[in-house]
Amino acid sequence: MSSTSLTARLPRAELGNFPTPLEAAPNLSKALGGPNIYIKRDDLSGLSVGGSKTRIFEFVLGQAKAEGATAVVAMAGEQSNKLRELAAGANKLGMKPILLLHAVTTPTAMVGNRFLFELLGAEVHTTPIPERLDPAIKDVLQRLCDDAARRGYKPFMIYHPERTGTIGTASYVAGAEELLCQFEAMQLKPKHVFIATGAGPTTAGLVLGCRAHGASFGITGVSVGSSRDDVLRHVLDYANKCAAMLGVDRRISDTDFGIDASYHATTSPIAAPVKEAIELFARTEGILLEPTYTGKGAAGMIAAIRRGDFQQHDSVVFVHTGGLPGLFARSGEFGYQPYL
Ligand SMILES: *Cc1c(COP(=O)(O)O)cnc(C)c1O
């Protein structure tokens, strides 16, 4: 990798185990009769049960700490990995985690991440507002901040589309740098990198970090929830706002990465290729994916391999972004039957 880190100037709180391993997956490669597959194990980042948000919160909570915050206030869904890793990170830094769960209209089961919010001692609030990007959500977050301030906390609001999204993107510029160093150390010249794309900052940071350092391999974001157009808009927006924040000249365009939106509309029941991907990783490498994010990302990589996009001597990399509790929250959907 060329030159020094683009994110060295940003405050960072140590929360996880970095660098995460980059591992070969020979049994998976063999089962697919395909290229050499490597897995970047960001699921092993360590905070609570780890995942991509640990890297994000090293930077976001680093900023919160630099501003003297004593509480963090954030919103996401009931099975949010982000809120789970946020609560764990806040606990580690001695900050109060205050969580707002959106689209909640009925009491739901204390399973998966929802269970862990309670176990981690977070203060949990709910709102029926369904849409994640509804501006009304910000008003609710502001009220929670005001309420925390009345109780003597100095709150730090993590409203995703704004500044913290850009900081989160920067964390994956650092993640890309970590990956490029590993490629260099292992003398690996990957042909392509696959990652699951949700709201966009993770993919935006990965693309920006790779391109800013001159890496030219392909990158595909496999959309887990949004249409191709929405993913493209969000990733470009995060990447280029982050480039400006970091003082990087390179800008990202739609030629810098691909989007696979084949699975974005499938939630429940779990789509057959997603279930197959989860079972294949588990049964060849003993690595656990889940249906909401990583199962879709892996299904996108497997489909590209089966399409013949790669040759046997090529190397491809799957970025495992974590999400383990989501697997347990949805175990009933796999259709495995109990027996005696
Ligand atoms: C949040 C998350 C992603 C996607 O990250 P975005 O930055 O929202 O695109 C992927 N995988 C897992 C497990 C996640 O929790």
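Visitor: How far is a polar backbone atom of Ala 199 from an oxygen atom of the ligand?
Guide: This is a predicted model, in which local features need pLDDT of at least 70, side-chain atom pairs count only at pLDDT 80 or more, and totals for chains, interfaces and linings use all residues. Residues are numbered from 1 along each chain as its sequence is written, and side-chain values use heavy atoms, with hydrogens and water left out. The separation between the backbone atom of Ala 199 and the ligand oxygen is 2.8 Å.

Visitor: Which residue has a polar side-chain atom 2.5 Å from an oxygen atom of the ligand?
Guide: Asn 81 has a polar side-chain atom 3.0 Å from a ligand oxygen, so that is not the distance you ask about: a polar contact is a pair of N or O atoms within 3.5 Å, where within protein one must be able to donate a hydrogen and the other to accept it, and residues adjacent in sequence count only if both atoms are side-chain atoms. The side chain with an atom at 2.5 Å belongs to Thr 202.

Visitor: How much of the accessible area of the ligand does the protein cover?
Guide: On its own, the ligand has 380 Å² of accessible area. Such areas come from the Shrake-Rupley method with a 1.4 Å probe, and for residues only the protein chains shown count as cover. The covered share of the ligand is 96%.

Visitor: Which elements give two or more residues to the shell around the ligand?
Guide: Elements are DSSP runs numbered from the N terminus: helices are H or I with at least four residues, strands E with at least two. Those that qualify are helix 2 (52-66), strand 7 (192-197) and helix 7 (201-212).

Visitor: How many residues of the shell around the ligand are charged?
Guide: The ligand has 14 residues around it, and Lys 53, Gly 198, Ala 199, Thr 202 and Thr 321 come nearest; a residue is near if one of its heavy atoms lies within 4 Å. Ala, Val, Leu, Ile, Met, Phe, Trp, Tyr, Cys and Pro count as nonpolar, Asp, Glu, Lys and Arg as charged, and the others, Gly among them, as polar. The shell holds four nonpolar residues and nine polar ones, and its charged count is one.

Visitor: Which strands stand at the edges of the open sheet of six strands?
Guide: The sheet runs in the order 1-2-10-7-8-9, with mixed pairing, and two strands pair if DSSP finds at least two bridges between them. Each edge strand has a single partner, so one of its sides is left without a neighbour in the sheet. The edges are strand 1 (22-24) and strand 9 (258-260).

Visitor: By how many degrees are neighbouring strands of this sheet turned against each other on average?
Guide: Axes are lines fitted to C-alpha atoms, for helices over the stretch in contact, and angles run from 0 to 180 degrees between N-to-C directions. With direction ignored, the average for this sheet is 25 degrees.

Visitor: Which residue in strand 8 stands opposite Thr 197?
Guide: Strand 7, which holds Thr 197, pairs with strand 8 (residues 218-223) in the parallel sense over six bridges. Within that pairing, Ala 196 has Val 222 as its bridge partner. Opposite Thr 197 is Ser 223.

Visitor: Is Thr 197 buried or exposed?
Guide: Buried means under 20% relative accessible area, exposed over 50%, and partly exposed in between (1.4 Å probe, protein chains only). Six of the six residues of strand 7 are buried, with Val 193, Ile 195 and Thr 197 pointing one way and His 192, Phe 194 and Ala 196 the other. The side chain of Thr 197 also makes a polar contact of 2.8 Å with that of Thr 203. At a relative accessible area of 1%, Thr 197 is buried.

Visitor: Which residue has its backbone oxygen 3.0 Å from a polar side-chain atom of His 102?
Guide: His 102 sits in the loop between strand 4 (96-101) and helix 4 (112-119). His 102 is buried, with a relative accessible area of 11%. The backbone oxygen in question belongs to Pro 130.

Visitor: What is the phi of Gln 187, roughly?
Guide: Most residues other than glycine have a negative phi. Gln 187, in the loop between helix 6 (163-185) and strand 7, is exposed at 72% relative accessible area. Its phi is positive, about 50 degrees.

Visitor: Which residue does a cis peptide bond join to Phe 18?
Guide: Most peptide bonds are trans. Here omega is about -5 degrees, and the partner lies in the segment before strand 1. That partner is Pro 19.
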